[in-house]
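Student: I'm new to this one, and I'd like to learn how to read it. Could you walk me through it?

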Amino acid sequence: MNYPVDIMSEVLFTEEQIAKRTKELAQRINEDYKDSPLTVVCTLKGAVFFFTELMKNLKLDCRLEFIKASSYIGNTTMTLGNVTISRSMNFEIQGRDILIVEDIVDTGHTCAKLFDYFKNQKCHSVQICTLLDKKSRRQVEINPKYIGFEIGNQFVIGYGLDYNEAYRNIPYIGILNEKYL
Ligand code: IMP
C-alpha cells in the first residue's frame with residue numbers, strides 16, 4: 001500500500017537541500033571537535049536519516065551510539081521524571097564529549113531530559129545538533145549548537161519524521177496535509 005500522493009501540503013526541504021545543509025554542519029563539527037574524543041548519539045527513531053547523512057561527512061575519529069527517550073521500558077534504561085531513556089549497550093559517557101543528534105527540537109523537553117541524563121553520567125561536554133528547530137514553540141531553554149533549518153509552528157513529516165509512525169521513509173521533508181490529521 002502506497003502513502004497518499006497528497007500527504008504533504010507543501011514540500012519544505014528536498015533531499016538535495018538537506019544533504020547540502022548537513023555537509024555544512026558536518027564541516028563545523030569537524031572543526032570544533034578535531035581535538036576531542038567525540039561520541040555522536042542518534043536519537044531514535046526520527047533522527048536516523050539525518051544521523052547517517054551527518055556521519056558520512058564527519059572526518060573525526062568518533063564513536064556512534066543510539067538512544068531513545070520515551071515511556072517505553074526496555075533494556076539498559078534509566079528513568080528521569082516521566083521520560084525513560086534507553087541506550088545502546090557499552091555506551092561510555094564519563095569524560096566523553098557528547099553530540100546529541102535530533103530530528104527536531106520542539107518544546108525542548110526531550111532535549112532537556114537528555115542533557116540532564118548525560119550531565120548526571122559525568123560526560124565532559126554535551127551539545128545538540130538538530131536538523132529542524134521549532135524555536136517559537138520552546139517551553140524550556142534549549143539552544144542547539146548546530147541547527148539545520150528553523151521552521152514555524154507546522155507539523156512536518158518525512159526524512160525520519162513521522163505522524164503516528166508513518167511517513168518516515170519519504171526522502172524529503174514537508175508539511176503534513178491537514179486532511180490526514
Ligand atoms: P520536544 O520534546 O517537544 O522538543 O519534542 C521533540 C519530539 O517531538 C521530536 O523528537 C519528534 O519526535 C516530535 N515532534 C515534534 N514536532 C514534530 C513534527 O512536526 N513532526 C514530527 N515529529 C515531531
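Tutor: Here we go through strands, burial, salt bridges, aromatic pairs and a surface patch, in that order.

Tutor: This is a predicted model, so to speak with care: local features need pLDDT of at least 70, side-chain atom pairs count only at pLDDT 80 or more, and totals for chains, interfaces and linings use all residues. Residues are numbered from 1 along each chain as its sequence is written, and side-chain values use heavy atoms, with hydrogens and water left out.

Student: How do I read strand pairing, and which strand does β1 join?

Tutor: Helices (H or I, at least four residues) and strands (E, at least two) are DSSP runs, numbered from the N terminus. Two strands pair if DSSP finds at least two bridges between them. Here, β1 (residues 8-13) and β10 (residues 173-176) run antiparallel and are joined by four bridges. Within that pairing, Glu10 has Ile175 as its bridge partner. Strand β10 is also joined to β9 (residues 156-157), again antiparallel, by two bridges. There, Gly174 stands opposite Ile157.

Student: Now burial. Is Asn57 buried or exposed?

Tutor: The scale is relative accessible area: under 20% is buried, over 50% exposed, and partly exposed lies in between (1.4 Å probe, protein chains only). Asn57 comes out at 14%, which counts as buried. You'll find Asn57 in the loop between α2 (48-56) and β3. Leaving aside residues up to four places away in sequence, Asn57 touches Lys23, Ala26 and Asn30, where a contact is heavy atoms within 4.5 Å.

Student: And which residues of α2 are buried?

Tutor: They are Phe50, Phe51, Glu53, Leu54 and Met55. These buried residues pack against α1 (15-32), β2 (38-43), β3, β6 (97-105) and β7 (125-133).

Student: How many salt bridges are there?

Tutor: The rule asks for a side-chain nitrogen of Lys or Arg within 4 Å of a carboxyl oxygen of Asp or Glu. The count comes to 14 salt bridges. One of them links Glu31 and Lys34, with the closest N and O atoms 2.8 Å apart. Glu31 is partly exposed at 47%, while Lys34 is exposed at 52%.

Student: What about Glu92 and Arg63?

Tutor: Their closest N and O atoms are 3.4 Å apart, and they form a salt bridge. Glu92 sits in the loop between β5 (83-87) and β6, and Arg63 in strand β3, so this pair ties together parts that are 29 residues apart in sequence. Glu92 is partly exposed at 47%, and Arg63 is partly exposed at 35%.

Student: Which residues are linked in a network of salt bridges?

Tutor: Look for Lys45, Asp162, Glu165 and Arg168. Glu165 and Arg168 meet at 2.9 Å, N to O. Glu165 is partly exposed at 47%, whereas Arg168 is buried at 16%.

Student: How many aromatic pairs does a search of the whole structure find?

Tutor: Rings of Phe, Tyr and Trp (its six-membered ring) pair if their centres lie within 6.5 Å; planes under 30 degrees apart are stacked, over 60 edge-to-face, and the rest tilted. The search finds six such pairs. Take Phe155 and Tyr163: their ring centres are 5.8 Å apart and their planes at 75°, so the pair is edge-to-face. Phe155 is partly exposed, at 38%. Elsewhere, ring pairs link Phe91, Tyr117 and Phe118 into a cluster.

Student: Last one: what makes the nonpolar surface patch?

Tutor: Patches are made of residues with over 30% relative accessible area and no salt bridge; like charges are joined within 9 Å, nonpolar side chains (Val, Leu, Ile, Met, Phe, Trp, Tyr) within 5 Å. Areas come from the Shrake-Rupley method with a 1.4 Å probe, and for residues only the protein chains shown count as cover. Leu44, Leu64 and Phe66 make a patch of about 230 Å². Phe66 lies in strand β3 (residues 63-70) and is partly exposed at 31%.
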